[in-house]
Amino acid sequence: MSRIGKLPIALPKGTEVSISDKNVITVKGPKGTLTQNIDSAITVKNEEGTLVLSRATEQKRHKALHGLYRSLVAGMVKGVSEGYKTEQELVGVGYRAANKGQLLELSLGYSHNVTFELPAEIKVTTTADKGQNPKVILESADKQLLGMVAAKIRSLRKPEPYKGKGIKFAGEVLRRKAGKSAGK
């Protein structure tokens with residue numbers, strides 16, 4: 001059996017799970033509602049406050065799907081109960097971030113400001129403390145969507161290896177290169 005797939009998923013208080021006959025699982029919690037289609041080879045059972053996933057056969061494909069869907073459902077349960085959060089820093093002189101509702105405006109050293117419209121499921125806040133790099137903080141219940149949006153924002157100006165300028169995740173360690181060697 002799959003090591004990840006066989007682990008049960010504990011449901012926190014305030015979280016409800018409904019499983020339709022068409023293998024669509026819906027998880028509701030204080031942070032929102034998420035749905036996921038599940039392959040027909042995987043069955044989900046709600047047993048006294050825990051979710052247990054099982055597979056139909058021992059085929060390699062079914063083993064892979066078993067672990068995949070268990071991870072996706074566990075991510076959904078955590079997302080609707082606790083939520084996910086990611087922080088990004090803008091490293092560079094003159095780099096700024098501001099938000100007006102779901103519109104994120106970034107000044108990244110280009111000749112124009114970059115405006116980025118965020119999905120309604122994501123909450124954004126920006127901070128600009130004196131002496132520190134500006135930060136963009138994204139929060140959502142959907143882990144997949146949050147990661148995709150964070151990666152898209154980072155791709156607007158990836159950190160370069162010489163000075164480290166660009167958009168990086170908070171706590172990310174960048175691999176730095178030495179510049180030209182001066183002198184003879």
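Which residues does Phe116 touch, not counting residues up to four places away in sequence? The legends below take up that question and others, using a predicted model.

**View 1. Phe116 and its surroundings.**
Phe116 sits in strand S10. Phe116 touches Gln102, Leu103, Leu104, Val149, Lys152, Ile153 and Leu156, leaving aside residues up to four places away in sequence. The relative accessible area of Phe116 is 14%, so this residue counts as buried. Under 20% is the cut-off for that word. Leu106 lies 10 residues from Phe116 along the chain, and the C-alpha atoms of the two are separated by 7.9 Å.

**View 2. Ile153 and the largest nonpolar core.**
Which residues have the most contacts inside the largest nonpolar core? They are Leu106, Leu138 and Ile153, in a core of 21 residues. Five elements are named as giving two or more residues to this core: S7, strand S9 (103–107), strand S10 (114–117), S12 and H2. The largest share, 5 residues, comes from H2. Ile153 touches Gln88, Leu104, Leu106, Phe116, Leu118, Leu138 and Ile167, not counting residues up to four places away in sequence. Phe116 and Ile153 thus appear in both of these first two views, and Phe116 touches Ile153. In soluble globular proteins, nonpolar side chains tend to be buried together.

**View 3. A second nonpolar core.**
Another core lies apart from the largest one. This other core has 17 residues. Ile25, Leu65, Val77 and Val80 are among them.

**View 4. The open sheet of four strands.**
The 4 strands of this open sheet follow the order S11-S12-S7-S13, and their pairing is antiparallel. Strand S11 (123–127) and strand S13 (166–169) are the edge strands, each pairing on one side only. From one strand to the next, the twist averages 25 degrees. Helix H2 (residues 143–155) lies across S7, S12 and S13. H2 runs at about 5 degrees to S7.

**View 5. Strand S7 and its two partners.**
Is strand S7 largely enclosed or open? Of its 8 residues, 6 are buried, so S7 is largely enclosed by the rest of the structure. Strand S7 (residues 84–91) runs antiparallel to strand S12 (residues 135–140), and 6 bridges join the two. Thr86 has Leu138 as its bridge partner in S12. Leu138 also belongs to the residues with the most contacts inside the largest core. S7 pairs with S13 as well, in the antiparallel sense, over 4 bridges. Glu89 links the two pairings in this view: Glu89 stands opposite Lys135 in S12, and opposite Lys168 in S13.

**View 6. The open sheet of three strands.**
Here 3 strands form an open sheet in the order S2-S3-S4, with antiparallel pairing. Strand S2 (16–19) and strand S4 (32–37) stand at the edges. Each has a single partner strand, so one side of each is left without a neighbour in the sheet. Neighbouring strands are turned by 15 degrees against each other on average, direction ignored. S2 pairs with strand S3 (residues 24–29) in the antiparallel sense, over 4 bridges. One of the paired residues is Ser18, whose bridge partner in S3 is Thr26. Helix H1 (residues 60–81) lies across S3 and S4. H1 runs at about 170 degrees to S4.

**View 7. Two loop residues with positive phi.**
Most residues other than glycine have a negative phi. Asn23 has a positive phi, near 60 degrees, and is not a glycine. Asn23 lies in the loop between S2 and S3. Glu48 is not a glycine either, and its phi is positive at about 50 degrees. Where is Glu48 placed? Glu48 lies in the loop between strand S5 (42–47) and strand S6 (50–55). Glu48 is exposed, with a relative accessible area of 84%.

**View 8. Arg157 over the ring of Tyr110.**
Arg157 lies over the face of Tyr110. The distance from the ring centre is 4.3 Å. How many aromatic pairs does a search of the whole structure find? That search finds 0.

Methods: Residues numbered from 1 in each chain as written. Predicted model: local features only at pLDDT ≥ 70, side-chain atom pairs only at ≥ 80, totals over all residues. Heavy atoms only, no water. Pairing = 2+ DSSP bridges. Axes fitted to C-alpha atoms, helices over the stretch in contact; angles between N-to-C directions. Contact = heavy atoms within 4.5 Å. Buried < 20%, exposed > 50% of the residue type's maximum accessible area, 1.4 Å probe, protein only. Phe/Tyr/Trp six-rings, centres within 6.5 Å; stacked < 30°, edge-to-face > 60°. Lys NZ or Arg CZ within 6 Å of the ring centre and 35° of its normal. Core = buried A, V, L, I, M, F, W, Y, C linked by side-chain atoms within 4.5 Å.
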